[in-house]
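Trainee: I'd like to go through one part of this model slowly with you. Let me put it up first.

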Amino acid sequence: GSIQDTTPTDQPEIPAADPAHAVAQSILARDSDLARKRDELSARLIELRLMQDEVSRRTRILEDRAATARRLVDYAGDSEVLGAALFTYWRQIDGLDENIGAASFSDAGNIVIQRVRHEELLASLISTSAFVNDQLAAEGVPAESVSAESRDVLVTLARNLRENLRTTISLESDYLSVLNGVQASISTFLTDIEQYRNFLQRLVLWFPNHPPLWATSWQALNSEWQTILSTASKLRVVASPMAALILLLALLLWRAQPRLRAFQDRMNSLVARPRSDGIQYTLAALASAAARAMPLPLVLLALSQVLVPPADLQSPGLLGIDGQWLVPAGLLFVFDLLRIICEPDGLGRQHFGWRDATTDREGRRLTLLIRWWLPLAFLAGFANLMTGDSGNAVLARWVTIVGLLIVAAFFGWISFHEIRQAGAAWFRPLSSKFRLLLRATLATLVFTVISGRMFTVVVLFECLIMTIWAGAGLL
């Protein structure tokens with residue numbers, strides 16, 4: 001219902017020359033502040049109830065989807081389209097909990113403190129006559145100097161303040177009650193959606209979410225290509241001051257490449273000297289190497305600020321348009337930094353004492369990843385994103401297979417060359433067994449892509465990225 005209170009414009013007044021005028025103004029100011037707080041709290045209470053309705057709506061959707069997914073698993077466990085259906089449900093989870101987990105209730109403590117103060121003020125208003133006397137004494141006005149008419153006005157103002165305080169406290173109680181209910185609903189919703197996510201992820205990880213490549217036609221490839229062109233045409237280019245600053249920084253770092261290399265050479269010459277050696281030279285050389293690796297990743301970062309996707313592509317994480325720029329930018333920076341470290345005059349040899357054979361081998365591998373695997377991985381992810389749920393990821397899978405085969409062939413050739421030189425002794429070290437495991441993993445990934453388990457590849461790719469970040473942090 002509506003809140004009925006007495007606003008300051010309805011209050012009786014006392015002339016300015018009256019000794020009680022200052023006390024009346026003080027009470028009116030408190031009443032005006034109460035009215036403002038009630039208006040703010042009423043608006044927030046409306047928003048809170050709307051959020052409660054939204055959480056309830058999404059909870060019902062979640063319950064319906066979870067029940068449908070479980071029925072699919074129970075009654076269609078051997079269906080060829082089960083994986084695709086579950087994968088569609090899994091991709092819809094991000095939209096289901098969007099803006100719910102980030103809801104902020106930081107004002108709850110302030111409302112509690114405010115309510116305590118209002119209750120203390122209400123306690124002092126049990127006797128309005130005593131309250132008026134206290135206010136007169138606080139202003140230094142003798143009670144006997146106030147006329148009976150003015151005192152009646154002050155008592156009326158105090159009574160109005162008391163009633164409005166009770167209304168405000170009641171509103172604060174309603175707000176805190178609804179807030180507790182919303183917090184509990186959100187907590188339950190997030191718990192349920194996490195359980196639903198885990199339930200789907202365990203299934204989608206193993207079920208094919210696309211038909212196998214041998215069961216698709218070449219017409220599907222042309223159809224997906226047309227879908228990619230149509231979707232790409234919807235990308236909007238917007239002016240971004242941040243992108244301009246990032247591009248300027250990238251240009252400056254690109255122009256400074258010779259100076260950065262010369263600076264790194266000077267830092268190299270200062271290490272391993274009894275009188276001048278110090279960790280500061282290694283850190284300075286590492287900073288110079290990082291600056292050398294930054295220009296192209298910065299360009300990709302600027303593109304993420306300039307290109308705005310349509311609403312149906314604005315999904316978070318690796319499946320979103322932002323991830324198609326930010327993830328390659330981060331990987332390119334890490335790979336190129338490691339490649340620079342493995343240069344003949346890089347930190348690996350000059351500062352860390354790595355063997356020449358090790359830095360040469362890893363430098364070649366990193367160069368391959370940068371020139372071949374990373375662009376193909378970017379194209380595969382972009383194609384898979386652009387086709388969305390409309391296609392069978394035929395183009396994305398072929399690009400992914402080519403990238404995996406290139407990497408597998410390169411590493412396989414290295415292992416074959418090493419085995420020819422070392423013979424059976426090559427298989428004895430634990431590191432060689434680990435390399436064989438990596439080769440088997442690449443072969444398994446190729447089969448996984450062909451059989452239509454693209455979600456499995458995405459999960460493994462996420463694990464690879466986290467491993468790379470962890471390795472870069474340890475470096």
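Trainee: How many helices and strands does the protein have? And then, for the close look, which residues of H4 are buried?

Mentor: Bear in mind that this is a predicted model, where local features need pLDDT of at least 70 and side-chain atom pairs count only at pLDDT 80 or more, while totals for chains, interfaces and linings use all residues. Residues are numbered from 1 along each chain as its sequence is written, and side-chain values use heavy atoms, with hydrogens and water left out.

To your count: there are 17 helices and 2 strands (DSSP runs numbered from the N terminus, H or I of at least four residues for helices, E of at least two for strands). Of the protein's 475 residues, 42% are buried (under 20% relative accessible area, with exposed over 50% and partly exposed in between, using a 1.4 Å probe and protein chains only). As for contacts (heavy atoms within 4.5 Å), take those between residues at least 6 apart in sequence: 82% of them join residues at least 24 apart.

Now H4 itself. It covers residues 108-124, and its 17 residues should span 24 Å at 1.5 Å a residue; the end C-alpha atoms are 25 Å apart, so the two agree (the expected span is 1.5 Å times one less than the number of residues). The buried set is Ala108, Ile111, Gln114, His118, Leu121 and Leu122. Looking down the axis of H4, you'd find these buried residues within an arc of 135°, so they line one face of the helix (the arc is taken from the directions from the helix axis to the C-beta atoms). Flip to the other side of H4 and you meet Arg117 and Glu120, both exposed.

What sits on top of that buried face? The cover for the buried residues of H4 includes helix H1 (21-75), helix H5 (128-138) and helix H6 (148-204).

While you're in this part of the chain, have a look at two arginines. Arg70 has its charged end over the ring of Phe199, 4.6 Å from the centre (that call needs CZ of Arg, or NZ of Lys, within 6 Å of the ring centre and within 35 degrees of the ring normal). Arg44 lies over the face of Tyr175, with 5.9 Å to the ring centre.

For contrast, try H16: its 21 residues, 430-450, should span 30 Å at 1.5 Å a residue, and the end C-alpha atoms are 31 Å apart, which agrees. The buried residues of H16 include Arg435 and Arg439. After H16 comes Gly452, with a positive phi near 100°.
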